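Me: Could you take a close look at one part of this model for me, starting from a single helix and working out to what surrounds it? I work at the bench, so please spell out the cut-offs as you go.

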Amino acid sequence: MTAPTTRTTHTAPTPRISRATTRRAAGHALTGLAVLLVWVALVAPNPAVGWTPTPLALLRVPVEALLLVAVLLALRGTAARWFAIVVGLVLGVLLVVRVLDAAFLATLYRAFNPLTDWRYAGSATDLLGESTGPVTAVLAAVAAGLVLIALVALTPLAVRRVGLLVDRHRTGALRALGAATVAWLVCASLGLGATTDLPVASSSTVALAAREITSVRDGLHDQDVFAAQIAVDPFHDTPPGDLLTALRGKDVVVVFVESYGKVAVDESPDVARALAAGTSGLEASGYTTRSAWLTSPTFGGISWLAHSTLQSGLWVSSQQRYDQLLDTATSASRRLTLAEAFSRAGWRTVDVIPANRHDWPEGKAFYGYDAVYDARTLGYAGPGFGYAPMPDQYTLSAFDRLELESRPPGGRPPVMAEIDLVTSHVPWAPLPRLVDWAAVGDGSTFLAQAGQARPRDAVWSSTAGVRTAYGQTVAYSLDSVVSFLRGTHDDDLVVVVLGDHQPVSIVSGDHAGHDVPVSIVSRDPAVLDRISRWGWQDGLRPGPTAPVWPMDRFRDRFLTAYGPGAGG
């Protein structure tokens with residue numbers, strides 16, 4: 001017998017991918033990403049002119065791309081490198097502007113203002129922190145900042161890589177440039193579009209750059225225009241004895257209801273119920289009410305623009321105008337605010353800002369308030385509800401306790417107050433419930449409601465849920481005001497209730513206006529008789545035919561109506 005032989009099976013060695021192949025693949029991938037980034041920077045629609053970002057935008061032929069390739073073909077060496085860096089920086093900045101335009105249009109219904117809107121970064125972080133928690137807010141802010149910085153930093157590198165690609169394939173690039181130029185001219189002459197509002201032959205980057213330059217130029221010019229408007233104040237030198245003579249002895253309260261806009265009146269059944277019940281309830285308690293519309297200078301947020309517009313009688317439609325107005329606090333051209341007019345005429349003036357946790361020197365320096373109450377000084381011991389650190393009912397109760405019921409020896413002067421109710425601030429959840437006014441106390445009674453209301457995550461799971469929650473929070477704020485008025489023993493109370501702006505677009509919808517409701521409520525018929533010429537409608541709910549005023553007209557009309565004349 002022969003010994004069995006052992007058969008050896010030879011397995012072919014697995015081919016190894018060389019480092020050179022890996023580098024080439026990575027290089028091709030990076031070049032592809034660079035081309036894509038530059039293309040997006042060139043063809044991304046400009047949200048400020050109504051173009052919605054869509055993948056179809058990538059099918060367009062931007063004239064800027066033709067010019068870019070032509071110059072890259074013409075330049076060599078250092079000149080081409082520096083050209084790529086400069087153009088890349090410009091494209092990166094403009095891409096960031098497009099992103100910011102989209103964000104501002106989605107929330108504030110206007111484009112980003114490069115002069116002043118960068119200052120809202122801190123306010124946006126604080127707002128997000130109040131709604132979702134400080135850690136989430138900081139992480140979101142850092143992430144957003146890194147994305148914007150990355151766009152500015154990476155776009156020049158991408159343009160440089162495209163330049164190297166063009167230099168390596170000059171003949172192919174020249175042919176492609178010629179074909180693309182012919183395509184651009186044909187599409188431009190025929191008016192062809194990827195969609196009805198996206199022309200194939202585009203020049204959106206040049207248009208965007210021109211718009212930003214124009215915006216900066218107009219902003220600088222507006223400083224001179226607004227300075228001239230500030231200086232013309234028909235009430236600046238009015239003697240104190242001639243101010244607000246028809247309201248002497250009365251407590252006057254201006255109540256801003258956060259995000260209380262026309263959409264709440266027109267579309268929310270909860271607000272409709274609150275307005276109807278409030279009107280009948282106030283009538284039963286001896287009140288008379290007149291209502292109309294004011295056009296707010298802002299939309300979706302930045303409430304201080306509306307507050308300063310109402311108080312100053314000037315159209316404060318931008319952060320630049322707001323800062324400029326407050327800068328006049330110590331100058332001879334200081335604007336007379338409503339609060340200061342009341343102060344000159346002998347009222348004690350106070351501002352109640354429950355959402356504020358920081359010192360606000362402008363409250364006294366510019367607005368002329370004798371005292372400012374905020375989250376630190378209102379004495380609240382209960383839980384927060386969404387953005388609001390305290391329910392509106394508690395805010396009103398604390399004001400009543402601290403000002404209206406506190407009577408020093410010899411009585412007290414009449415009080416003029418602005419009160420900001422913020423339960424109806426986004427995210428509109430969770431929602432507090434009204435309690436018996438006698439039980440409000442220091443607010444600890446609201447601890448029993450913690451965790452019982454529908455949470456914000458559930459509310460924001462659908463657009464319908466968000467809109468319903470918005471209406472419910474506005475209705476709660478209105479119910480709080482009506483309940484407060486019906487329960488007060490102050491027969492000399494005059495209240496102005498109004499919204500500051502419309503809610504963000506998810507509630508208001510596209511192309512919503514800036515109108516907000518305004519009502520004046522008093523038990524004294526003579527107070528409403530003074531504004532009979534205004535043509536305002538009875539009740540808390542203004543109808544579609546009610547007068548509409550720009551908000552900056554209110555101060556002068558109010559001071560005139562309640563001055564020494566016959567009103568009007």
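Reply: Happy to help; here is a walk from one helix outward to its aromatic neighbours, a sheet and some loops. One caution to start: this is a predicted model, in which local features need pLDDT of at least 70 and side-chain atom pairs count only at pLDDT 80 or more, while totals for chains, interfaces and linings use all residues. Residues are numbered from 1 along each chain as its sequence is written, and side-chain values use heavy atoms, with hydrogens and water left out.

Let's begin with helix 19, which spans residues 554-561. (Helices are DSSP runs of H or I with at least four residues, strands are runs of E with at least two, and both are numbered from the N terminus.) Phe 554, Arg 555, Phe 558, Leu 559 and Ala 561 are its buried residues, where buried means under 20% relative accessible area, exposed over 50% and partly exposed in between, with a 1.4 Å probe and protein chains only. These residues lie on the same side of helix 19, because they cover an arc of only 165 degrees around the axis; the arc is taken from the directions from the helix axis to the C-beta atoms. What do they pack against? Their partners are strand 6 (288-295), helix 10 (303-312), helix 12 (338-344), strand 10 (493-499) and strand 13 (548-550), with contact meaning heavy atoms within 4.5 Å.

Ala 561 also gives us a link to Asp 529: the two are 32 residues apart in sequence and 9.6 Å apart in space, C-alpha to C-alpha. Asp 529 belongs to helix 18 (residues 525-529) and counts as exposed, at 51% relative accessibility.

Now for the aromatic rings. Phe 554 and Phe 558 join Phe 342, Trp 347, Trp 534, Trp 536, Trp 549 and Tyr 562 in one aromatic cluster. Rings of Phe, Tyr and Trp (its six-membered ring) pair if their centres lie within 6.5 Å; planes under 30 degrees apart count as stacked, over 60 as edge-to-face and the rest as tilted. The structure holds 15 such pairs. Among them, Phe 342 and Trp 347 are edge-to-face, because their ring centres are 4.9 Å apart and their planes stand at 90 degrees. Both Phe 342 and Trp 347 are buried.

Next comes strand 7 (residues 348-353), which is largely enclosed by the rest of the structure, because five of its six residues are buried. Strand 7 pairs in the parallel sense with strand 9 (residues 415-421) over five bridges, and two strands are said to pair if DSSP finds at least two bridges between them. Thr 349 has Met 416 as its bridge partner in strand 9. Strand 8 (residues 371-374) is also parallel to strand 7, with four bridges, and there Tyr 373 stands opposite Val 352.

Finally, follow the chain into the loop between strand 9 and helix 15 (456-459), where Pro 427 is placed. A cis peptide bond joins Val 426 to Pro 427, with omega about 25 degrees. Trp 428, in this loop too, has a positive phi near 60 degrees despite being a residue other than glycine, and it counts as buried at 3% relative accessibility. Pro 430 is found in the loop as well, and a cis peptide bond joins Ala 429 to Pro 430, with omega about -10 degrees.
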